[in-house]
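This report introduces a structure to a reader who has not met it before. Please keep the sequence and the three-dimensional view at hand while reading.

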Amino acid sequence: MVATALPGLGERERTALALVALAGTARPAVAERLGIGEAELSASLARARKELRKTVAALPGSGWCERAEGLISDRIDGALADRDEARLDVHLRNCPRCVEHERRLVQATDALVAGAAPAPSAPQLVPPSPPPSLSVATAQLPQPTPEAAPAKRGSRELAGALGWTALIVFAILLAVAALAIALAGALGAGL
Ligand SMILES: [Zn+2]
């Protein structure tokens with residue numbers, strides 16, 4: 001998935017980012033798995049996160065900004081020394097560009113994580129077909145997709161259900177009325 005999102009990334013950077021940022025694996029375990037030192041892993045993650053941030057925004061930067069990006073990457077994983085933290089804070093106070101980098105990186109990481117949340121092997125491009133027991137009227141209703149408005153489910157869903165129930169009851173009443181009229185017409189014609 002990271003490879004799809006960031007095709008320009010090397011194997012090591014890609015794996016490091018996937019394990020740390022997506023799977024939440026601790027850095028030492030990832031370093032061991034990749035057979036590299038923690039400093040090397042730190043650099044790999046910084047490179048990967050730079051690529052990730054570039055997917056949402058291109059930012060020019062000086063050499064100091066390069067180092068700041070590395071420190072930001074370390075801080076995200078809680079692997080930043082106090083001394084470096086102070087240096088990073090000073091830089092961020094004076095560099096809107098790196099503040100923007102951090103903001104964009106968080107945004108891009110969230111998007112990557114959100115993309116990883118549903119089962120990647122079975123993307124639901126079409127809404128699931130309704131069960132056969134439902135009436136035609138219900139079957140033609142737009143089926144709300146679960147990821148469309150996760151925060152607004154509940155009361156809205158309930159209100160919607162009540163609304164549709166009322167509509168279906170109304171439709172049934174109409175059908176009964178139509179049947180009664182037709183029956184009356186038929187009886188009238190017969191008499
Ligand atoms: Zn900077």
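## The zinc site

Cysteine 95 has a relative accessibility of 10% and therefore counts as buried, the cut-off being under 20%. The model in which this value was computed is a predicted one. Cysteine 95 is one of the residues that coordinate the zinc ion; the full set of donor atoms is SG of Cys65, NE2 of His91, SG of Cys95 and SG of Cys98, at 2.1 to 2.3 Å. Along the sequence, these donor residues follow the spacing C-x25-H-x3-C-x2-C.

What arrangement do the 4 donor atoms around the zinc ion form? The angles that they subtend run from 98 to 119°, so the arrangement is tetrahedral. As a point of reference, the ideal angle for four tetrahedral donors at a metal is 109.5 degrees.

The histidine of the site merits a separate description. Histidine 91 is located in helix α6. With a relative accessibility of 15%, histidine 91 counts as buried, because this value is under 20%. When residues up to four places away in sequence are set aside, histidine 91 is in contact with Trp64, Cys65, Ala68 and Cys98. Of these neighbours, Cys65 and Cys98 also serve as donors to the zinc ion.

## Overall architecture

The protein contains 9 helices and 0 strands. Its pattern along the sequence accordingly reads α-α-α-α-α-α-α-α-α. The chain has 191 residues, of which 24% count as buried. When contacts between residues at least 6 apart in sequence are considered, 61% of them join residues at least 24 apart.

## Nonpolar cores

The largest nonpolar core consists of 18 residues, and those with the most contacts inside this core are Val2, Leu6, Leu17, Leu52, Leu88 and Cys98. Two or more residues of this core come from each of the elements α4 (38-54), α5 (63-76), α6 (82-94) and α7 (96-116). Another core, of 8 residues, lies apart from the largest one and includes Ala16, Leu19, Val20 and Ile36.

Cys98 thus appears both in the largest core and among the zinc donors. Leucine 6 offers a further view of the largest core: beyond residues up to four places away in sequence, leucine 6 touches Leu17, Ala48, Glu51, Leu52 and Thr55. Two of these neighbours, Leu17 and Leu52, are themselves listed with the residues that have the most contacts inside the core.

## Salt bridges

The count of salt bridges comes to 17. The table presents three of them, with the distance from N to O.

| Basic residue | Acidic residue | Distance, N to O |
|---|---|---|
| Arginine 27 | Aspartate 77 | 2.8 Å |
| Arginine 75 | Aspartate 89 | 3.3 Å |
| Arginine 87 | Aspartate 84 | 2.8 Å |

Arginine 27 and aspartate 77 meet in a salt bridge that links distant parts of the chain: arginine 27 belongs to helix α3 (residues 27-34) and aspartate 77 to the loop between α5 and α6, 50 residues apart. Is arginine 27 buried or exposed? Arginine 27 counts as buried, because its relative accessibility is 9%. Its partner, aspartate 77, is partly exposed, with a relative accessible area of 24%.

The salt bridge between arginine 75 and aspartate 89 also links distant parts of the chain, with arginine 75 in helix α5 and aspartate 89 in helix α6, 14 residues apart. Arginine 75 is partly exposed at 24% relative accessibility, and aspartate 89 is partly exposed at 28%.

Arginine 87 and aspartate 84 both lie in helix α6; they are 3 residues apart, which means that about one helical turn separates them. Arginine 87 counts as partly exposed, with 30% relative accessibility, whereas aspartate 84 counts as buried, with 15%. Elsewhere, Lys50, Arg53, Glu66, Glu69 and Arg97 are joined into one network by salt bridges that share partners.

## A buried threonine

Threonine 109 is placed in helix α7, one of the elements that give two or more residues to the largest core. The relative accessibility of threonine 109 is 17%, and this residue therefore counts as buried. What does the side chain of threonine 109 reach? It extends to the backbone oxygen of leucine 105, at 2.7 Å.

Note on methods:
Residues numbered from 1 in each chain as written. Predicted model: local features only at pLDDT ≥ 70, side-chain atom pairs only at ≥ 80, totals over all residues. Heavy atoms only, no water. Donors = N, O, S within 2.8 Å, 3.2 Å for Na, K, Ca; no water. Tetrahedral: all angles 85-135°; square planar, octahedral: opposite > 155°, others 65-115°. Buried < 20%, exposed > 50% of the residue type's maximum accessible area, 1.4 Å probe, protein only. Core = buried A, V, L, I, M, F, W, Y, C linked by side-chain atoms within 4.5 Å. Helix = DSSP H or I, 4+ residues; strand = E, 2+ residues; numbered from the N terminus. Contact = heavy atoms within 4.5 Å. Polar contact = N/O pair within 3.5 Å; in protein donor to acceptor, adjacent residues only side chain to side chain. Salt bridge = Lys/Arg side-chain N within 4 Å of Asp/Glu carboxyl O.
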